[in-house]
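Here are a few exercises to work through with the model open beside you. Try each task before you read its solution.

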Amino acid sequence: MLPAPPPPPSAALPKKVASVAAPRVIRSAAFVPPPPSNGYSGAPGSNPNQSTLVVYDSTGPYGWLGEAYGVMAANLASHGSQYTLERAVDYAQGDLDFFTGLIYVGSTYGEPLPTGFLDDVLATTKPVLWMNDNIWQLSARASNFAGQYGFTPMFFDFSNTLTVTYKSVALQRNSLSVPSGLLQTVINDSTKAQVLAVATNNTGGMINWATKGANLTYIGEIPFSYIGPNDRYLAAVDLIGKVSNPTMLARKHALVRIEDVDPLADPTRLRAIADYLYSKHVPFSIAVIPFYVDPKGYYNNGVPVMQHLYQSTTVVSALHYMVSKGGLILMHGYTHQYSNVANPYSGVTGDDFEFYRSHISPDNYVIYDTPVAEDSYDWTLGRIQNGFNEFGAAGFNWPNFFVPPHYAGSAIDYQAFDSQFNARYDRGLFASGWCPAGACGAGTPDYTRIYGQFYPYVVRDIFGTIVIPEQLGNIELVPFNHNPARFPADILYSANCNTVIQDGVQSFFFHPYLDISYLKQTVEGLQAMGYTFVTSRSVKQGN
């Protein structure tokens with residue numbers, strides 16, 4: 001999780017603000033800007049007539065957080081439109097002219113915003129989403145902010161607000177976000193402004209979380225800090241969509257992925273899963289690990305085990321059966337483990353990371369360390385090719401979609417994945433420093449500052465990769481590493497939280513060694529909520 005910015009110096013907003021003058025860029029009416037190095041294509045199905053400018057803070061010791069928050073906003077914006085990622089300090093007056101909407105992430109208190117940026121925001125009628133800090137610079141620059149937008153920013157509230165209600169759904173807010181405050185607004189004119197979401201504190205007090213006046217929507221905090229599966233992040237996702245594509249469709253789709261199917265899988269269970277899903281008209285994906293390795297015999301009394309997919313004829317037959325019942329085979333790593341060491345658990349296929357090093361801390365947390373020692377573009381391609389060879393030897397075509405083991409890899413790995421597959425089916429792991437001045441890939445990733453992000457719909461992330469979503473997680477019968485047990489009721493609870501998102505895809509995965517009753521409860525629960533299961537191929541295509 002990303003942390004929140006440090007607390008503001010006081011609850012009161014600054015009375016004096018200093019902004020940076022920026023010269024107006026004179027352009028002819030026929031001027032067409034060249035494709036910027038910090039411009040990115042939208043996801044399949046995004047609106048080709050929409051383009052979003054994502055502006056973020058970058059100064060001071062927490063400037064790295066600004067880049068991270070900007071990346072997260074941009075990844076989400078890609079579902080609705082193409083996007084450009086730009087530092088606030090680089091904004092030139094008139095930049096907004098070339099976009100249909102603007103998202104500003106104010107993570108640095110007192111960021112020196114160019115006056116041209118403030119003036120363009122005040123002058124535009126295009127949708128603008130402003131998050132957290134420096135709204136006082138905008139209100140001070142306006143001749144009559146309250147008259148224009150119908151609300152006024154007031155002060156930071158530090159009460160213990162742990163619930164955000166949006167579209168009548170109660171979402172969680174992590175207590176670690178509380179010290180950074182929640183900037184309060186007051187409605188001056190209810191004909192021009194409305195409260196979109198409210199936060200409730202532990203005494204029952206109601207605090208404005210998101211306010212909309214005219215074309216300006218304001219969120220009083222950074223909604224990308226300390227996020228979880230049922231978080232107020234989901235409200236921000238929906239509000240980002242209203243900027244990136246105001247004509248967003250309202251589809252209700254769902255996905256299920258059968259996870260960690262390796263050469264030692266139980267073919268009877270695989271066939272039973274296929275029969276059940278077929279009977280419910282549910283297409284599904286199968287994340288297959290083609291080579292099983294237990295290098296030290298962790299599960300075999302100290303005797304090492306290696307098993308190729310082609311050697312497991314009954315599993316191969318079951319996989320063909322699953323495909324005949326609507327399954328799509330994905331590649332889930334080559335071995336889903338690394339070398340002959342615990343990484344972090346046992347060194348065994350399915351347990352460990354493959355493309356990233358990790359360990360268990362003394363207080364029982366999984367700690368992400370660094371990319372593996374061999375990490376390089378060629379090394380990663382080599383493992384992918386080995387995996388392809390395993391699938392070929394077992395009589396399968398090479399999969400088109402990749403599921404990185406434990407959703408982790410380096411920036412180099414993600415580029416290699418992108419070169420060999422049509423899409424990833426996962427969440428993202430990112431490192432600070434990869435996107436200097438919004439130009440992703442131009443910098444050096446800092447793996448001491450990594451962060452993850454989940455998506456509730458298809459996106460095209462900063463690696464240029466189409467990402468099929470998975471945000472609901474999976475059934476886990478026992479707690480582990482400070483993660484609570486997770487049952488179908490928990491997944492359905494998260495799914496209900498996700499209903500606040502227009503065009504969201506409810507996506508979870510299931511391990512075949514579990515009792516099939518858990519799969520049935522989850523599938524039928526989502527269907528009862530009105531969601532239709534579709535293929536990962538159709539989601540990848542933007543359908």
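**Exercise 1. Charges.** Find how far apart the mean positions of the positive and negative charges of the chain are.

*Solution.* Keep in mind that this is a predicted model. Start by counting: the chain has 31 positive and 41 negative charges. Then take the mean position of each set; the two points are 8 Å apart.

**Exercise 2. Overall form.** Work out how the radius of gyration of the chain compares with the globule rule.

*Solution.* Begin with the inventory: the chain holds 12 helices and 27 strands. The radius of gyration is 24 Å, close to the 24 Å that the globule rule gives for 543 residues, so the chain is as compact as a globular protein of that length. Next, look at the box around the C-alpha atoms, which is roughly 75 × 50 × 45 Å along the principal axes. Turning to the interior, 57% of the 543 residues are buried. Finally, consider the contacts between residues at least 6 apart in sequence: 72% of them join residues at least 24 apart.

**Exercise 3. The open sheet.** Trace the strand order of the open sheet of 10 strands, and say which strands stand at its edges.

*Solution.* Walking across the sheet gives β1-β3-β2-β4-β5-β12-β11-β10-β7-β8, and the pairing is mixed. The ends of that walk are β1 (39-40) and β8 (169-172); each has a single partner strand, so one side of each is left without a neighbour in the sheet. Now zoom in on one pair: β2 (residues 51-56) and β4 (residues 101-106) run parallel, joined by 5 bridges. Within β4, Leu-102 is the bridge partner of Leu-53.

**Exercise 4. A helix and its neighbours.** Identify the buried residues of helix α10 (residues 488-498) and the elements they pack against.

*Solution.* First list the buried positions of α10: Pro-488, Ile-491, Ser-494, Ala-495, Cys-497 and Asn-498. A reminder helps in reading such a list: an α-helix has 3.6 residues a turn, so residues three or four places apart point the same way. Then follow the contacts outward: the buried residues of α10 pack against β8, α5 (233-244), β26 (505-510) and α11 (516-528). The edge strand β8 from the previous exercise thus turns up again here.

**Exercise 5. One serine.** Is Ser-244 buried or exposed?

*Solution.* Locate Ser-244 in helix α5. Its relative accessibility is 0%, and because buried means under 20%, Ser-244 is buried. To see its surroundings, set aside neighbours within four places in sequence: Ser-244 is then in contact with Gln-50, Thr-52, Ala-77, Gly-80 and Ser-81.

Terms used
Residues are numbered from 1 along each chain as its sequence is written. This is a predicted model: local features need pLDDT of at least 70, side-chain atom pairs count only at pLDDT 80 or more; totals for chains, interfaces and linings use all residues. Side-chain values use heavy atoms; hydrogens and water are left out. Helices (H or I, at least four residues) and strands (E, at least two) are DSSP runs, numbered from the N terminus. The radius of gyration is taken over C-alpha atoms; the globule rule is 2.2 Å times the number of residues to the power 0.38. Buried means under 20% relative accessible area, exposed over 50%, partly exposed in between (1.4 Å probe, protein chains only). Contact means heavy atoms within 4.5 Å. Lys and Arg count as positive and Asp and Glu as negative; His and the chain ends are not counted. The place of a charge is taken as NZ of Lys, CZ of Arg, CG of Asp or CD of Glu. Two strands pair if DSSP finds at least two bridges between them.
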